[in-house]
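Reader: I should be grateful for a close look at a single part of this structure, set within the chain as a whole. Please support each step of the reasoning with the relevant values.

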Amino acid sequence: MDETLRRSRMTGCYVTIPTMFRDDADLSVDLDAIGRHVRFLIDGGLRTGTGVLLAGGAAGDFSTMTFDERCAVAERVEHGVPGAVRGA
């Protein structure tokens, strides 16, 4: 992706997405809850050019997740709502 296109996609409000965890013994990442939250934001009008989703660590949770969990969160945000989110 060229720089001009990349910059055009990185405009608007930067919205941090909390990483939701399940209330289980492992405090596993709740990918379904993250997907619902992304859907809520998109249904509320967040689009390329009006906002940027920041996922996986805005509140320091990045350091508590494994590499695979971080990848799963990024994939859920980008691909969890088909056609709605574009990776930068």
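Author: A suitable point of entry is Leu-54, which lies in strand 2, the run of residues 51-55. The model is a predicted one, and the values below are computed from it. Leu-54 is partly exposed because its relative accessible area is 32%, which falls between the 20% limit for buried residues and the 50% limit for exposed ones. Together with Met-10 and Tyr-14, Leu-54 makes a nonpolar surface patch of about 260 Å².

Before the close look, the setting should be described. The protein chain contains 3 helices and 2 strands, and from the N terminus on these elements follow the order α-β-α-β-α. Of the 88 residues in the chain, 24% are buried. The accessible surface amounts to about 5700 Å², and carbon and sulfur atoms account for 53% of that surface. If one considers contacts between residues at least 6 apart in sequence, 65% of them join residues at least 24 apart.

The part chosen for closer study is helix 2, with the loop that leads into it. This helix covers residues 31-43, and the loop before it connects it to strand 1, residues 13-17. Helix 2 has 13 residues, so at 1.5 Å a residue it should span 18 Å, and the distance of 18 Å between its end C-alpha atoms agrees with that expectation. The expected span uses one less than the number of residues, because 1.5 Å is multiplied by that reduced count.

Which residues of helix 2 are buried? They are Ala-33, Ile-34, Gly-35, Val-38, Leu-41 and Ile-42. The cover over these buried residues includes strand 1, strand 2 and helix 3, the last of these being residues 67-79. Strand 2, where Leu-54 is placed, thus appears again as part of that cover.

Backbone geometry deserves notice on either side of the helix. Most residues other than glycine have a negative phi. Leu-27, in the loop between strand 1 and helix 2, has a positive phi near 50° although it is not a glycine. Just after helix 2, Gly-45 also adopts a positive phi, of about 115°.

The charged residues of this region form a connected set. The structure holds 4 salt bridges in total, and Arg-22, Asp-30, Asp-32 and Arg-76 are linked in a network of such bridges. Asp-30 sits in the loop between strand 1 and helix 2. It counts as buried because its relative accessible area is 12%, below the 20% limit. Leaving aside residues up to four places away in sequence, Asp-30 touches Met-20, Phe-21 and Arg-22. With Arg-22 the contact is also a salt bridge, in which the closest N and O atoms are 3.4 Å apart.

Arg-22 itself is partly exposed, because its relative accessibility is 35%. A further salt bridge joins the side chains of Arg-22 and Asp-32, with an N to O distance of 3.8 Å. That pair connects distant parts of the chain, since Arg-22 belongs to the loop between strand 1 and helix 2 while Asp-32 belongs to helix 2, 10 residues apart. Asp-32 is partly exposed, because its relative accessibility is 42%.

Asp-32 also forms a salt bridge with Arg-76, and there the closest N and O atoms are 3.2 Å apart. This pair likewise links distant parts of the chain, with Arg-76 in helix 3 and Asp-32 in helix 2, 44 residues apart. Arg-76 is partly exposed, because its relative accessible area is 26%. Helix 3 is therefore connected with helix 2 in two respects: it is among the elements that cover the buried residues of helix 2, and its Arg-76 is bridged to Asp-32.

One last matter is covalent cross-linking. A disulfide is a covalent bond between the sulfur atoms of two cysteines. The structure holds 0 disulfides. Cys-13 is exposed, because its relative accessible area is 52%, over the 50% limit. Cys-71 is partly exposed, because its relative accessibility is 28%.

Notes
Residues numbered from 1 in each chain as written. Predicted model: local features only at pLDDT ≥ 70, side-chain atom pairs only at ≥ 80, totals over all residues. Heavy atoms only, no water. Patch = residues over 30% accessible without salt bridge, like charges linked within 9 Å, V, L, I, M, F, W, Y side chains within 5 Å. Areas by Shrake-Rupley, 256 points an atom, 1.4 Å probe, with all protein chains shown as cover. Helix = DSSP H or I, 4+ residues; strand = E, 2+ residues; numbered from the N terminus. Buried < 20%, exposed > 50% of the residue type's maximum accessible area, 1.4 Å probe, protein only. Disulfide = S-S within 2.5 Å. Contact = heavy atoms within 4.5 Å.
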